[in-house]
Amino acid sequence: MEKNRPLAFRIVTLGCKTNQSESDEISAILAGSGLINTGIDNACDSISGTSEHIGSNVSSRISNACDYIIINTCTVTGTTDGKVRQAIRAARKSAPHSTIIVTGCYTVFNAKALKDLGADYIFTNSEKEKLAGFILKDTKNIFQGVPSSERSRAFIKIQDGCGQRCSYCIVPMVRGSYKSTEPEKVIEKINYFVSHGFEEAVLTGIHAGKYGVDFTDNAGGCNSLSGLIKKILENTGIRRIRLSSIEVNEIDNDLINIISGSNKRVAKHLHIPLQSGSNKILSAMNRKYDAGFFNETVKAVKEKIPSITLTTDIIVGFPGETDQDFEMTMSMLENIGFSKTHVFKYSQRQGTAAASMKGQVDERIKKDRSRIARGAADKLRKEFILSNKGVIQETVFEEFNEKLQIASGTSENYLKVYFKPQAQNKDIIKKGKILNIMADAPYREGLFGTII
Ligand code: SF4
């Protein structure tokens, strides 16, 4: 390691928004203790289904100047496992003298393999909270850092774990059962981010709709997601909250009323995983609803919040899925009109019930269905983008592209919005701030507009 400079670290994050918020927390503690943050790489997002070529990304950004490389892993699919291994190999190759610490879901089943790949230390999910303290040679584990300069929206982890056991999902085995963050801690974190200029907080959790089920008392009325949101609205100055995801059977009247009556402080955007439109497949997946219930709930939400934006996930090629089952999923996508759909091609995950089910679907058919579903999702997305032309978008400013001199951010309804900052705007343009943009032209995967 080089001498005469503060220690430096880099975090590579794979997987869901909960992992991202945990990486932010580690980063905040380390940076707040004087270490240099050389960056956070969100190398793969299993929820959004993006698939960057992680190895080249990691190796181009990492060098021995990072004393500590933290790789926060995911194990949601076999493909993700490959990306984790690729990331560790790439990090070891680019920074042979750095200390590589691997944490997250992949560590649960693969500790030995990680050492062979080049990891120096391994922290399982339950040990993750101690990781920053280990680097600081300090047993304290308190939230005391500065927010990561890499982000413009505060990712707040409100919950961990899941007890549902969907038949395709390994998460309950690697994350354990429900564990909610105490409401006071959530409030403290949000207020902390607000004091650093953040205007949007994303509430993340492995199963956020189960917030509070593990509390032994009613936690001052906060033993439910709705209760927590009410408390946040009353006790923080955050301008906008967004829920990262919610199961359809956890949307109740309380939640709908809070969103509709919050005066835009809760984004009118719900990500509700559908997974399949076939009752036979939903039952085999061990999902806790059927297609009729999903449709009825969405109808009720749309009636009470007409401007709601709905996004979803679907899995195609689940064991036993016939052409007819797949068609049912496609019909639901069209009829509900999701503005964004993440399409996952089912892949067998060892250790899950679905991996040994009869009726595994041929890879070629899965590919075909995935292509068709992505095509339908893209068409709906384009229609949604065009329907927002000429509408003022309240957009949180996230990035500035120096080369193009174009800024971009995310709107309340989860659109990517681009704009060119002008000299007269320089005082109002700060990362994390929500700006009103008159978006009037399609641009890339979103809309282009001007600050008003
Ligand atoms: S609800 Fe189902 S898919 Fe989501 S984490 Fe739990 S088991 Fe996995």
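**Exercise 1. In which strand is the place of Thr204?** Work out its setting too.

Solution. Before starting, note that this is a predicted model, where local features need pLDDT of at least 70, side-chain atom pairs count only at pLDDT 80 or more, and totals for chains, interfaces and linings use all residues. Residues are numbered from 1 along each chain as its sequence is written, and side-chain values use heavy atoms, with hydrogens and water left out.

- Step 1: Thr204 sits in strand β8. Helices (H or I, at least four residues) and strands (E, at least two) are DSSP runs, numbered from the N terminus.
- Step 2: Thr204 has 0% relative accessibility, so it counts as buried. The cut-offs: buried is under 20% relative accessible area, exposed is over 50%, and partly exposed is in between (1.4 Å probe, protein chains only).
- Step 3: Leaving out residues up to four places away in sequence, Thr204 touches Lys17, Thr18, Ser21, Phe155, Ile156, Lys157, Ile158, Gln159 and Ser244. Contact here means heavy atoms within 4.5 Å.
- Step 4: Asp378 is 174 residues from Thr204 along the chain, and their C-alpha atoms are separated by 26 Å.

**Exercise 2. Track down salt bridges that link parts of the chain, and check how buried their partners are.**

Solution. A salt bridge needs a side-chain nitrogen of Lys or Arg within 4 Å of a carboxyl oxygen of Asp or Glu.

- Step 1: Count them up: the rule gives 31 salt bridges.
- Step 2: Take Glu22 and Lys128, whose closest N and O atoms are 2.5 Å apart in their salt bridge. This pair links distant parts of the chain, 106 residues apart: Glu22 is in helix α1 (residues 17–32), and Lys128 is in the loop between β5 (121–123) and α5 (131–135). Both Glu22 and Lys128 are buried.
- Step 3: Next comes Glu200 with Arg153, a salt bridge with the closest N and O atoms 3.0 Å apart. Glu200 lies in strand β8 (residues 200–205) and Arg153 in the loop between α5 and β6 (154–160), so the pair ties together parts that are 47 residues apart in sequence. Glu200 and Arg153 are buried as well.

**Exercise 3. Where does Arg239 lie, and which residues does Arg239 touch?**

Solution.

- Step 1: Arg239 is in the loop between α8 and β9.
- Step 2: Its relative accessible area is 34%, so Arg239 is partly exposed.
- Step 3: With residues up to four places away in sequence set aside, Arg239 touches Glu199, Lys264, Arg265, Glu394 and Ile434.
- Step 4: Arg239 forms a salt bridge with Glu199, the closest N and O atoms being 3.4 Å apart. The two are 40 residues apart, with Glu199 in the loop between α7 (183–195) and β8.
- Step 5: Glu199 has a relative accessible area of 17%, so Glu199 is buried.
- Step 6: Zoom out, and a network of salt bridges links Glu199, Arg239, Lys264, Glu394, Glu412 and Lys433.

**Exercise 4. Follow α12 through two helix contacts.**

Solution. Axes are lines fitted to C-alpha atoms, for helices over the stretch in contact, and angles run from 0 to 180 degrees between N-to-C directions.

- Step 1: Helix α11 (residues 291–304) packs against helix α12 (residues 323–336) at an angle of about 10°, with their axes 12 Å apart. α11 and α12 are therefore roughly parallel to each other. As for the wording, angles under 35 degrees count as roughly parallel, over 145 as roughly antiparallel, 65 to 115 as roughly perpendicular and the rest as oblique.
- Step 2: From α11, Ala291, Phe294, Asn295, Val298 and Lys302 meet Met332, Asn335 and Ile336 in α12. By class, that contact has five nonpolar, two polar and one charged residues. For the classes, Ala, Val, Leu, Ile, Met, Phe, Trp, Tyr, Cys and Pro count as nonpolar, Asp, Glu, Lys and Arg as charged, and the others, Gly among them, as polar.
- Step 3: The axes of α12 and helix α13 (residues 363–387) come within 10 Å and cross at roughly 10°. That makes α12 and α13 roughly parallel to each other too.
- Step 4: Asp323, Phe326, Met330, Leu333 and Glu334 in α12 meet Arg369, Ile372, Ala373, Ala376 and Leu380 in α13. The residues of this contact divide into seven nonpolar, no polar and three charged.
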